[in-house]
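Please open the model in your viewer and keep the selection panel at hand. The tour goes from one selection to the next and says what is there.

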Amino acid sequence: MLLGMRFSILRGCVRHCRCSSPQTQSGQWKRNYSFLKDDVKSPRSVVNPDISKIRNIGIMAHIDAGKTTTTERMLYYSGYTRALGDVDDGDTVTDYMAQERERGITIQSAAVTFDWKEHRINLIDTPGHVDFTLEVERALRVLDGAVAVFDASAGVEAQTMTVWRQAEKHKIPCVCFLNKMDKPGASMSYSVESIKTKLKANPMILQIPIGSGKGFVGLVDLITKQRMTWWGKSWAEDGRAFETRALQSTDDPEFLEANKARATLIEQVADLDDEFTELLLGEYSDNFDSVPAGKLQEAVRRVTLSRKGVPVLCGSSLKNKGVQPLLDAITSYLPAPDERNHDLVRWYKDDLCALAFKVVHDKQRGPMVFLRIYSGSMKPQSAVYNINRNGTERMSRLLLPFADQHVEIPSLSAGNIALTVGLRQTVTGDTIVSSKASAAAAARRAHDKAEEKRASGQEMNSLVLAGVEVPEPVFFCSIEPPSMAKQADLEHALKCLQREDPSLKVRTDPDSGQTVLCGMGELHIEILHDRIRREYNLETHLGPLQVAYRETIIRSVTTADTLDRTLGEKRHVVTVELTVNPWEASAPGMSSCHMTYEEEIEGQISADIKEAVESGVQSAYLQGPVLGYPVQGVLIVIHSVGVEPGTSLAMVSACVSRCVLKGLKQAGGQVLEPVMSLEVTVDEEYLSSVLGDLAQRRGTVRDIQSRHDSKVLLATVPLADMMGYSTALRTLTSGNATFSLELACYEPMNPQDQNALLNKMAGLA
Ligand SMILES: Nc1nc2c(ncn2[C@@H]2O[C@H](COP(=O)(O)OP(=O)(O)OP(=O)(O)O)[C@@H](O)[C@H]2O)c(=O)[nH]1
């Protein structure tokens, strides 16, 4: 390897050399220099790597922690880009949508494929803004591992907690990267402590920094006891070259600290991994420190995969330090696709099973679907079966996603992320298999194993890979095309955008007939508006942004109704009796209404009548009795349903719906408003102005914490009072504050506020 390296240096085309085994035969540690070759690689070179060499990784973090910068560095060091992109100059590869370049934020998760030391890394750069949480969730669904990027001067921030919770939900092993170590306030110990306390995780420190703030020059790898330095002046500024050498007691001031930290790491890993404990107590009981780096690394990997601990690394992506070891850590500690347990897939054996996790619209190619392949393989020019849509579609081309460059490939196998052209019906969250027969065969295998599942419909459902939970939108506004002639174009644009983004809901207002957009936040709707203009060439007009209130009831009421109507020759008679009850089962953001039958009558009602009753209840829930907002927190018990022969099912639904509305009205309507958790990080001098502003917005302060020179304000505040908050906060603090907002719950409005809202809606205020 070293000879090869020298040869390469002489040729002027320097290969990257591994830093993991710099020990010579005599046992002396040698000084080692790492370089990367100059030419830009082609992703055509390796198409189907062995599954054990694939890493499907997400990068997740709080806004501005440095995900995009880190991704850019990864692409650069792996040899896929010639120049370093810079988010501040707006020329990154992953933030390729026009608005992303302008706004400097990541909106859609862009999948990027590249190779690093014989490994294929499929990387999803996920957005940090809370309005796009669903994008993060969608990406996590298909990932095997994640890198959590932190701003080392801030530690764990609000959005990190959200995405961390999501990663936990999907049981995704993580590696933590403490970025921005070059900042004056950067602190490894503070960040590690916040990982412990706020994320309740078990950080395993694998590196310690050399120097701090502007003097941060590199790190000590505690596993190999190597010192890695990126010396800005005499070395190439792009960080491709760095020095790796063994830590020496005589020369290095970090020696003692590193030895202590390594001993702590060994002890911690031994506590978490029995195999490693046995090894230490056996062969290395005389001197734990003599345990080989390889054995320690294997144990750290086991602990990471079992999610008992998270490796912590540090660096500065902007200053080009520490990214190559991070890439090594991704390949060393995060799992290959076959090390993750994807339960539902086993029924497909070697047949194709893939999940559509993202749809983008390309003007020339039409919809392009990102798929995670769980089993089998895909080929272009082939038919596939979509279980959710119950239809066969033809895939024309198969591509490898290289940001905005897509490379055509002849086939792709399990474990990979593919980009397909030609699937016009597929929507985010759909499951794709090779044929209907293959889906049926998988269903049969599942059925043979699980005899308790009798109904075939049930088996089929169990084979559909679970989609992403879509939270209910909290904001809505009307949208109008420039002229009636453009209404069809607007509908087409919204249809395409909805296929990409299930958190966007579109409905028609029953009173005004207007098209209504429902989204997750101000920014979400603003970006959609912008995309309609740019991508679909439509100048639309947005109505005022409104809060999506809900309604509930205060007390239980039992009521009955009879519908007796003659249409033409036919007489339709339905009687129904039911009770509406207040019901508490709401998870934040999810609508919660439920219905059940009284035990004695449940068995007596036929399946089609039941379906009609349920549809009647559902339509009544859509428009509450106070202001016509959706109803939540209600349980309906059906006591009796009488249907005379010849009565149509539509009449049954109509009668049930009318009876429910009557019950809801009598039960005392109550408006619920979305209340958000707010976290503001602000310089101390601006704290009082932020607090004053918050009081005017009906905010409740929960806690004020200190983080270095800044204050972190935790509060809850009704969404209705948060319109335009980002502009207001920027003005109040001269740009010295950041905030994040997340739906906490729906809370009943007090009578004065509810009356004020009713008056406003009636045009009286
Ligand atoms: N000092 C310092 N600044 C950094 C570092 N990495 C990134 N930044 C800066 O931090 C800001 C945010 O960086 P991004 O890479 O866009 O962060 P992000 O997490 O992708 O942001 P979103 O996609 O908007 O969530 C930019 O101004 C970067 O130049 C670092 O290591 N040190």
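The stops below cover a helix pair, then a sheet, then the helices that pack on it.

**Stop 1: a helix pair**

This is a predicted model. Select residues 255-272, which form helix α7, and residues 293-305, which form helix α9. Their axes lie 10 Å apart and make an angle of about 50°. Angles from 35 to 65 degrees fall in the oblique class, so α7 is oblique to α9. The crossing of α7 past α9 is left-handed.

Now show side chains at the contact. From α7, pick I266, V269 and L272; from α9, pick L296, A299, V300 and V303. Which classes of residue make up this contact of α7 with α9? It holds 7 nonpolar residues, with no polar and no charged ones.

**Stop 2: the sheet**

Move on to the sheet and colour its strands separately. It is an open sheet of 4 strands, in the order β29-β30-β32-β31, with mixed pairing. At the edges are β29 (557-567) and β31 (593-597), each of which pairs on one side only. From one strand to the next, the twist averages 25°.

Zoom in on β31 and on strand β32, residues 634-643. These two strands pair in the parallel sense, over 5 bridges. To find the register, select H594, which stands opposite L635 in β32.

**Stop 3: helices on the sheet**

Keep the sheet in view and add α16, which packs on it and touches β31 and β32. The direction of α16 makes about 135° with that of β32. Next add α17, which also packs on the sheet. Which strands does α17 touch? They are β29, β30 (570-582) and β32, and the direction of α17 makes about 145° with that of β29.

**Stop 4: the two helices against each other**

Hide the strands and leave α16 (residues 607-622) and α17 (residues 649-666) on screen. Their axes come within 7 Å and cross at roughly 40°. The two helices are therefore oblique to each other, and α16 passes α17 in a right-handed crossing.

For the contact itself, select these residues:

- In α16: D608, I609, A612, V613, S615, G616, V617, S619 and A620.
- In α17: L649, V652, S653, A654, C655, V656, S657, V660 and L661.

Colour the selection by class: the contact of α16 with α17 has 12 nonpolar, 5 polar and 1 charged residues.

Key:
Residues numbered from 1 in each chain as written. Predicted model: local features only at pLDDT ≥ 70, side-chain atom pairs only at ≥ 80, totals over all residues. Axes fitted to C-alpha atoms, helices over the stretch in contact; angles between N-to-C directions. Parallel < 35°, antiparallel > 145°, perpendicular 65-115°, else oblique. Left-handed = near helix turned anticlockwise from the far one by under 90°. Contact = placed C-beta atoms within 7 Å. Nonpolar A, V, L, I, M, F, W, Y, C, P; charged D, E, K, R; others polar. Pairing = 2+ DSSP bridges.
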